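Trainee: I would like a close look at a single part of this structure, with its surroundings. Please choose one part and take me through it slowly.

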Amino acid sequence: MSSTEFKAAGLEKLSAEELTALNQWLRERAATVPSAAVSSSGFAPQPDPSDQRGLRNAPSADGDIVSRIPGVFKGWSGGTRFVLENGQEWEALGDSGSLSVDLVDPVVRIKKGLIGAWYLKVDGYNTTAKVRRIK
């Protein structure tokens, strides 16, 4: 959900606790969705043969890793660590700039760049962080 859609739905009026309860409700309902529908959304982990360490990614149809950062998310600066809902951990590199937001469970996309670089982007924002995978 983009920030525009989030505001249009009136969700910015909810407290952090209310948003957490809503997200939990949605996750419980998503568990009842057939697995074919979940995997087509890009959230189901699938092996990535290019991952030399044997770790698993969750690539979307366009090859991006798509997941959420669970809980309250305030943004990043160099050195910020991101623990994704899919279990992956990433770290913003020192030359990543910064982003200051106040979000709950944002969807993030991690895209492979040139020469092995990776970039994290929060859906609804144009700023990206150059990241490296920790786990």
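Mentor: What follows goes from the whole chain to one residue and then to its surroundings.

This is a predicted model, in which local features need a pLDDT of at least 70 and side-chain atom pairs count only at pLDDT 80 or more, while totals for chains, interfaces and linings use all residues. Residues are numbered from 1 along each chain as its sequence is written, and side-chain values use heavy atoms, with hydrogens and water left out.

The pLDDT is the predictor's confidence in each residue, from 0 to 100. The protein averages 75, and 73% of the residues score at least 70. Confidence is lowest in strand 1 (residues 46–47), with a mean of 40, and highest in strand 6, with 92. Over residues 35–58 the pLDDT is below 50, yet this stretch has 41 contacts in the model beyond near neighbours in sequence. A contact here means heavy atoms within 4.5 Å.

The protein has three helices and 10 strands, and from the N terminus on they run α-α-α-β-β-β-β-β-β-β-β-β-β. These elements are DSSP runs numbered from the N terminus: helices are H or I of at least four residues, strands are E of at least two. Of the 135 residues, 32% count as buried. Buried means under 20% relative accessible area, exposed over 50%, and partly exposed in between, with a 1.4 Å probe and protein chains only.

The part I choose is Glu91, which lies in strand 6. Glu91 has a relative accessible area of 12%, so it is buried. Leaving aside neighbours within four places in sequence, Glu91 is in contact with Gly79, Thr80, Arg81, Phe82, Lys130, Val131, Arg132 and Ile134.

Take Arg132 from that list. The side chains of Glu91 and Arg132 are joined by a polar contact of 2.6 Å. A polar contact is a pair of N or O atoms within 3.5 Å; within protein, one must be able to donate a hydrogen and the other to accept it, and residues adjacent in sequence count only if both atoms are side-chain atoms.

Now take Arg81. Arg81 and Glu91 form a salt bridge, with the closest N and O atoms 4.0 Å apart. This pair links distant parts of the chain, Arg81 in strand 5 (residues 81–83) and Glu91 in strand 6, 10 residues apart. Salt bridges that share partners join Arg81, Glu91 and Arg132 into one network. A salt bridge is a side-chain nitrogen of Lys or Arg within 4 Å of a carboxyl oxygen of Asp or Glu. The structure holds six of them.

Phe82 is also in contact with Glu91, and it leads to the aromatic rings. Rings of Phe, Tyr and Trp (its six-membered ring) pair if their centres lie within 6.5 Å; planes under 30 degrees apart count as stacked, over 60 as edge-to-face and the rest as tilted. By this rule there are three aromatic pairs. One is Phe73 with Phe82, a tilted pair at 6.2 Å centre to centre and 45 degrees between the planes. Trp76 and Phe82 have ring centres 6.1 Å apart and planes at 80 degrees, so this pair is edge-to-face. Phe73, Trp76 and Phe82 form one aromatic cluster. Phe73 and Phe82 are both buried, and Trp76 is buried as well.

Trp76 in turn leads to Ser96, which sits in the loop between strand 6 (89–92) and strand 7 (99–104). Beyond four places in sequence, Ser96 is in contact with Trp76, Thr128, Ala129 and Lys130. Ser96 counts as buried because its relative accessibility is 7%. The C-alpha atoms of Ser96 and Lys130 are 5.1 Å apart, although 34 residues separate the two in sequence. Lys130 is among the residues in contact with Glu91 too.

Last comes Arg133, which lies in strand 10 (residues 128–133). Arg133 is buried, with a relative accessible area of 14%. A polar atom of the Arg133 side chain lies 3.0 Å from the backbone oxygen of Lys135.

To go over the centre once more: Glu91 is buried, has a polar contact with Arg132, and shares one salt-bridge network with Arg81 and Arg132.
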